[in-house]
Amino acid sequence: MLELEHGFRVVDVHARLEPDEQRRPRDGMGDPEQLEREMHQAGVVRSVVFPGERDGSYLKANNAVARMTVERPMVAFARVNGARDPGTGPGSTLRNLASSRTEEHTSPEDIEQYAYDDRFYGFKIHPPTDGLPDEEVLAELASVSLPVIVHGGEGFPPETVAESLLAYDFPVILSHFGAHPLRRDLMERAIDLLETHDNLYLDTSAVRYRRPMERAILEHPDRVLFGSGVPSVHPNVAVMEILTLDVPEDAMRKVFSNNPNRVIEALAP
């Protein structure tokens, strides 16, 4: 794809790396060299990166991703798992009564170690895939107070995000406008939550619909962060989706850099 030309400093809060070449769905998918090339094409100067899905502990994958960021314009987030079912129904409640953290799950000690390791600058949670951390782990996340990127969508809708996470004192960056896969009703409900939760932010990864993005940016210009969703989405496409919105240039600048820089200090110039 051709290189984009625009006058913005762009940083990306949502990119996935795959440290194990055998796990990549096709050549280049999740490869750091390809990500760096695509970032350059799109005018993205720095990206938050985290590993893809794993069974068991994420320790090795997190460390491998952190090594990949060395001397690259990338910032590593540690992926966190948990023993709790993120659902809200009776079955989930029963399963959570019987669940307990094992050695494969992230512990409060792991959170502390990641937080004070100078290679990690935040955390990634994907409750539908990895389970929800228990209260002790969430309390430790609040204690270290680093930003947490949370997968949002059908398996972990906005109301559940609010109930499970937003009472804690750490910034929550809700991916995909809380609406994966492309649920406009969930997007609108996630935007509504911005009115009542000051620690909530939305990232634009794989959102696609213009109207919800325009609404969120116009109503809450300081709470929307650019995320590409690479490698599933080419960053050129993600950047163009913001550039073609009917919002002021100053608002675009906030989405592309000012807001991410404020929430994730490692992205700042």
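In this predicted model, Gly-28 has a relative accessible area of 11%, and because this value is under 20%, the residue is classed as buried. Gly-28 is placed in the loop that runs between strand S1 and helix H1, the latter spanning residues 32-42. Although Gly-28 and Leu-4 are 24 residues apart along the chain, the distance that separates their C-alpha atoms is 21 Å.

Strand S1, which covers residues 10-17, contains Asp-12. This residue is buried and yet takes part in no salt bridge, the nearest side chain of opposite charge being that of Arg-16, at a distance of 11 Å. The side chain of Asp-12 does, however, make a polar contact of 2.4 Å with the side chain of Ser-228. When neighbours within four places in sequence are left aside, the residues in contact with Asp-12 include Val-44, Arg-46, Ser-47 and Val-48, and also Phe-226, Gly-227, Ser-228 and Val-230.

Salt bridges are nevertheless found elsewhere in the model, where the count comes to 20. In general, side chains of opposite charge can pair when their charged atoms come close. One such pair is formed by Asp-130 and Arg-79, whose closest N and O atoms are 2.7 Å apart. Since Asp-130 belongs to helix H5 (residues 127-130) and Arg-79 to strand S3 (residues 74-80), this pair ties together parts of the chain that are 51 residues apart in sequence. Asp-130 is buried, with a relative accessible area of 8%, and Arg-79 is likewise buried, with a value of 3%.

A further salt bridge joins the side chains of Glu-241 and Arg-208, with an N to O distance of 2.8 Å. Here Glu-241 lies in helix H10, whereas Arg-208 is located in the loop between strand S7 (200-203) and helix H9, so that the pair links parts 33 residues apart in sequence. Glu-241 counts as buried at 17% relative accessibility, while Arg-208, with a relative accessible area of 34%, is partly exposed.

The salt bridge between the side chains of Glu-249 and Arg-253, at 3.1 Å from N to O, lies within a single element, for both residues belong to helix H11 and are 4 residues apart, which is about one turn of the helix. Arg-253 is partly exposed, its relative accessible area being 30%. In addition, salt bridges that share partners connect Glu-154, Glu-159, Arg-183, Asp-185 and Arg-189 into one network.

Aromatic side chains were examined next. A pair of aromatic rings is described by the distance of the centres and the angle of the planes. The structure holds 5 aromatic pairs. In one of these, the ring centres of Tyr-114 and Phe-120 are 5.1 Å apart and the planes meet at 75°, so the arrangement is edge-to-face. Both of these residues are buried. Tyr-114 also pairs edge-to-face with Phe-123, with 6.3 Å between the centres and 70° between the planes. The relative accessibility of Tyr-114 is 6%, and the residue therefore counts as buried; Phe-123, at 1%, counts as buried as well. One aromatic cluster is formed by Phe-8, Phe-226 and Phe-256, and Phe-226 is also among the contacts of Asp-12.

Charged groups are also placed over aromatic rings. Arg-184 lies over the face of Tyr-209, at 4.8 Å from the ring centre, and the charged end of Arg-223 sits over the ring of Tyr-201, at 5.7 Å from its centre.

In helix H9, which comprises residues 210-219, the buried residues include Pro-212, Met-213, Glu-214, Ala-216 and Ile-217. The buried residues of this helix pack against helix H8 (184-193), strand S8 (224-225), helix H10 (235-243) and helix H11 (249-263).

Finally, several features of the backbone are noted. The loop between strand S6 (172-174) and helix H8 contains Pro-181, and the peptide bond leading from His-180 to Pro-181 is cis, with omega near 0°. Within the loop between S6 and H8 lies His-176, whose phi is near 60°, a positive value in a residue other than glycine. Phe-177 is found in the loop between S6 and H8 too, and its phi, near 55°, is also positive. His-176 counts as buried at 10% relative accessibility, and Phe-177 counts as buried at 0%. A cis peptide bond also joins Val-230 and Pro-231, with omega about 10°, and Pro-231 is located in the loop between S8 and H10.

Notes:
Residues are numbered from 1 along each chain as its sequence is written. This is a predicted model: local features need pLDDT of at least 70, side-chain atom pairs count only at pLDDT 80 or more; totals for chains, interfaces and linings use all residues. Side-chain values use heavy atoms; hydrogens and water are left out. Helices (H or I, at least four residues) and strands (E, at least two) are DSSP runs, numbered from the N terminus. Buried means under 20% relative accessible area, exposed over 50%, partly exposed in between (1.4 Å probe, protein chains only). Lys and Arg count as positive and Asp and Glu as negative; His and the chain ends are not counted. A salt bridge is a side-chain nitrogen of Lys or Arg within 4 Å of a carboxyl oxygen of Asp or Glu. A polar contact is a pair of N or O atoms within 3.5 Å; within protein, one must be able to donate a hydrogen and the other to accept it, and residues adjacent in sequence count only if both atoms are side-chain atoms. Contact means heavy atoms within 4.5 Å. Rings of Phe, Tyr and Trp (its six-membered ring) pair if their centres lie within 6.5 Å; planes under 30 degrees apart count as stacked, over 60 as edge-to-face and the rest as tilted. A charge sits over a ring if NZ of Lys or CZ of Arg is within 6 Å of the ring centre and within 35 degrees of the ring normal.
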